[in-house]
Amino acid sequence: MKGLKYIIAGILFGIVMSKSEAISWYRIQEMFRFQSFHMYGIIGTAVVLGTLAVFIIKKYNLRDYQGNPIVFHPKEMSIPRYLIGGTIFGLGWALTGACPGPMFVNIGHAYWAILVAVAGALGGTYLYGVLRDKLPH
Amino acid sequence: MLEFISQPWPWYVSGTLIAFTMVLLLFFGKSFGFSANLRTICTACGAGKHVKFFDFNWRSQIWNLLFLVGAILGGVISAQFLNGNAPVELSAATVQDLSALGFSAPDELQPEEIFSLEAIFTLKGFLVLLLGGFMIGFGARYAGGCTSGHAISGLSNLQLPSLIAVVGFFIGGLVTTYLLMPLIF
């Protein structure tokens, strides 16, 4: 089955986020209060190793499992889009203690209350789609 | 072995495995970005009939929905078999700050003050999660990505837009933590 590898990658991600407590509201509060290195260590390690991996992939023109070149799409430069969008995201992130990935991992933990946040996130995504042409990008 | 991985995982293990997940998806010919799933779900529910932003071939994103299903299963496995609901060993300073807002010290992964069914059947509890989620969904699409797409994939590719987005994540997070939470709780 072609899709199985994505499910397995998702399982790995879910277990890692859960076992490192990155899906915990408490850990996000601790991060925004700068009272522990834990979350910074997680994101920092991922970015340092990720940067190294992207560098190697580009330098040696590595290909994916089907033999196609791995391409990176540079993001279009803008300040308002990323700053305003990012700030709105951050307001919600600190309140619910879960960004989109951890929201779904929490469902696996049977924290059913998070479904309210998922419904909100879908509503927010939809409203963005409606207002998109009216917003500064 | 099972006992060993049932302990909380240190940050360097987690960070390494998150980078590994990102690289794995790159070698699958995809890119790591979780919040795109929210748009895909809107489209799969028919939002493309009314709003142009959702008018795309969502089936090309099924791989990411499968990743989402895997993430839920990962949560199930962790909670059921790997002691994933163990109380968070939160720093004493955070426990103290949160107790001033009416939160008791952690006795599992999430605070019952927000995530218990009693809490969400109050108006305040319901709105905290609904509006919090709403801002996450709106902000993630406006900024073109969330923690995975910008903070991990974007920063790893040295994208300045992603750095600006991450600065935004922190501006918003700090405003909620220091200005809004004392008003809400």
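Start by selecting residues 82-104 of chain A: the C-alpha atoms at the two ends of this span sit 24 Å apart, and the stretch is 87% helix and 0% strand. Keep in mind as you click around that this is a predicted model.

Why pick that span? UniProt, in an unreviewed entry, marks residues 82-104 of chain A as "transmembrane region", along with 38-57 and 110-131. Those labels come from the record and may be inferred rather than shown by experiment.

Now jump to residues 110-131 of chain A. Here the end C-alpha atoms are 33 Å apart, with 82% helix and 0% strand over the span.

Next, colour helix H5 of chain A, residues 100-108. Is H5(A) mostly covered or mostly open? Mostly covered: 8 of its 9 residues are buried. To see them, select Pro100(A), Gly101(A), Pro102(A), Met103(A), Phe104(A), Val105(A), Asn106(A) and Gly108(A).

What do those buried residues pack against? Within chain A, show helix H1 (4-19) and helix H6 (114-131). Then bring up chain B, where the partners are helix H3 (36-44), helix H4 (62-81), helix H8 (123-143) and helix H9 (147-156). Before leaving, click on Ala110(A), which follows H5(A) and has a positive phi, near 65°.

Time to cross over to chain B. Show it as a cartoon and you'll find 10 helices and 0 strands, so the pattern along the sequence reads α-α-α-α-α-α-α-α-α-α. The C-alpha trace spans about 45 × 45 × 35 Å along its principal axes. Of the 185 residues in chain B, 49% are buried. Among contacts in chain B with a separation of 6 or more, 46% come from residues 24 or more positions apart.

For a close-up, zoom in on Phe115(B), which belongs to helix H6 of chain B, residues 112-115. Why does Phe115(B) count as buried? Because 25 other C-beta atoms lie within 10 Å, and the cut-off for buried is 20 or more.

Which residues is Phe115(B) in contact with, leaving aside its neighbours within four places in sequence? Display Tyr111(A), Ala113(A) and Ile114(A) from chain A, plus Gln110(B) from chain B.

For a last stop, draw a distance from Phe115(B) to Phe126(B). These two are 11 residues apart along the chain, and their C-alpha atoms are separated by 9.7 Å.

Notes: Residues are numbered from 1 along each chain as its sequence is written. Chains are lettered from A and ligands numbered from 1 in the order in which they are written. This is a predicted model: local features need pLDDT of at least 70, side-chain atom pairs count only at pLDDT 80 or more; totals for chains, interfaces and linings use all residues. A residue is buried if 20 or more other C-beta atoms lie within 10 Å of its own, exposed if 12 or fewer, and partly exposed in between; C-beta atoms are placed from the backbone. Helices (H or I, at least four residues) and strands (E, at least two) are DSSP runs, numbered from the N terminus. Two residues are in contact if their C-beta atoms, placed from the backbone, lie within 7 Å.
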